Structure formats: C-alpha cells, structure tokens
Amino acid sequence: MRKGGDEMAAAKRIWRYNIEGALIDVPQTYDQRCRVYLDAFPDLIEKPVYTPAGERVLLTIEDACPHADLQPDGMEDCGSCNYYRQTPGTLLGVCGHPALRRVLPEKSANKKSIGK
C-alpha cells in the first residue's frame with residue numbers, strides 16, 4: 001500500500017554525509033507540495049563541525065567570511081570562495097582557510113616530560 005501525504009510527512013529520513021571524514025547526520029523533511037524530501041541542514045555556524053584534519057565544514061550558501069578569496073564573477077558566499085572545497089551531491093563542503101581551522105591537540109608521543 002502506498003503511503004499518503006500525512007503518513008509520508010510523519011516518516012523520518014536521515015542522510016549521513018561523509019564530508020572529508022566528518023560524519024554529519026542530516027534529517028530530511030517531506031515537502032508535500034513538491035512531493036520530495038529536502039535536507040534540513042544543521043546550523044553549522046552555531047555548532048561547528050570539523051573534519052579529522054581540523055578543517056571546518058560549512059554550507060555552500062553561507063555568507064562569505066572576512067577571510068574569503070572570492071572568485072571574480074561569483075556570489076559572496078562560501079561556494080564562490082577559492083578556499084572552499086564543495087562536496088559533490090550536497091550543499092556541504094570544507095573551508096581550507098587556516099584561520100577557520102580547529103587547533104588539533106598534540107599527540108602525547110611528541111610531548112616530553114618536564115622535570116623527569
């Protein structure tokens with residue numbers, strides 16, 4: 001039996017995206033008018049997500065930051081920045097600018113004991 005609009009609206013779908021090693025679960029909402037599921041991306045400005053390499057995951061449509069190196073005929077968003085690497089098939093990507101990197105903790109093997 002095929003699900004009707006109300007039943008489909010109640011159904012929950014979640015896509016898991018692998019963005020350069022960062023796993024992001026994105027819930028989808030059903031648009032009854034278009035009859036398709038749409039990604040409901042999390043707020044990556046308020047709650048940043050980073051790749052294992054410490055680079056920040058952002059939406060392509062976020063406003064460009066002060067560090068942006070924008071393409072001449074592009075928009076003023078992350079997708080038009082030369083530091084931004086778009087992930088195919090989604091509106092997510094990674095910013096490669098050093099100012100937005102998370103500082104990764106040093107590995108304990110590289111630390112020397114002080115006083116011993």
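Let's call a residue buried when its relative accessible area is under 20%. Keep in mind that this is a predicted model.

**Exercise 1. Get an overview of the protein chain: which elements does it have, and how much of it is buried?**

Step 1: Count the elements. You should find one helix and seven strands.

Step 2: Walk along the sequence. The helix comes up before the strands, giving α-β-β-β-β-β-β-β.

Step 3: Apply the cut-off from above. Of the 116 residues, 27% are buried.

Step 4: Turn to the surface. About 8700 Å² is exposed, and 52% of that comes from carbon and sulfur atoms.

**Exercise 2. Work out the strand order of the four-stranded open sheet, and explain why S4 and S6 each have a side without a neighbour.**

Step 1: Read across the sheet. The order is S4-S5-S7-S6, and the pairing is antiparallel.

Step 2: Look at the edges. Strand S4 (49–50) and strand S6 (84–86) each have a single partner strand, so one side of each has no neighbour in the sheet.

Step 3: Move to the S5–S7 pair. Residues 56–59 of S5 and residues 92–95 of S7 run antiparallel and share four bridges. Take Arg 56 as a sample: its bridge partner in S7 is Cys 95.

**Exercise 3. Find the residues of the largest nonpolar core and say which strand gives the largest share.**

Step 1: List the members. There are ten: Tyr 17, Ile 19, Ala 22, Ile 24, Val 26, Leu 44, Val 57, Leu 59, Leu 92 and Val 94.

Step 2: Sort them by strand. Strand S1 (13–19), strand S2 (22–31), S5 and S7 each put in at least two residues. The largest share goes to S2, with three residues.

Step 3: Zoom in on one member. Leaving out residues up to four places away in sequence, Leu 59 touches Phe 41, Leu 44, Cys 78, Tyr 84, Leu 91 and Leu 92.

Step 4: Check for another core. A second, separate one has six residues, among them Leu 58, Cys 81, Tyr 84 and Leu 100.

**Exercise 4. Describe the setting of Glu 62: where is its place, and what does Glu 62 touch?**

Step 1: Locate it. Glu 62 sits in the loop between S5 and S6.

Step 2: Look for a charge partner. A salt bridge needs a side-chain nitrogen of Lys or Arg within 4 Å of a carboxyl oxygen. The nearest side chain of opposite charge, Arg 56, is 7.6 Å away, and buried Glu 62 has no salt bridge.

Step 3: List the contacts. Setting aside residues up to four places away in sequence, Glu 62 touches Ile 45, Glu 76, Asp 77 and Cys 78.

Key:
Residues numbered from 1 in each chain as written. Predicted model: local features only at pLDDT ≥ 70, side-chain atom pairs only at ≥ 80, totals over all residues. Heavy atoms only, no water. Buried < 20%, exposed > 50% of the residue type's maximum accessible area, 1.4 Å probe, protein only. Areas by Shrake-Rupley, 256 points an atom, 1.4 Å probe, with all protein chains shown as cover. Pairing = 2+ DSSP bridges. Lys, Arg positive; Asp, Glu negative; His and termini not counted. Contact = heavy atoms within 4.5 Å. Core = buried A, V, L, I, M, F, W, Y, C linked by side-chain atoms within 4.5 Å.
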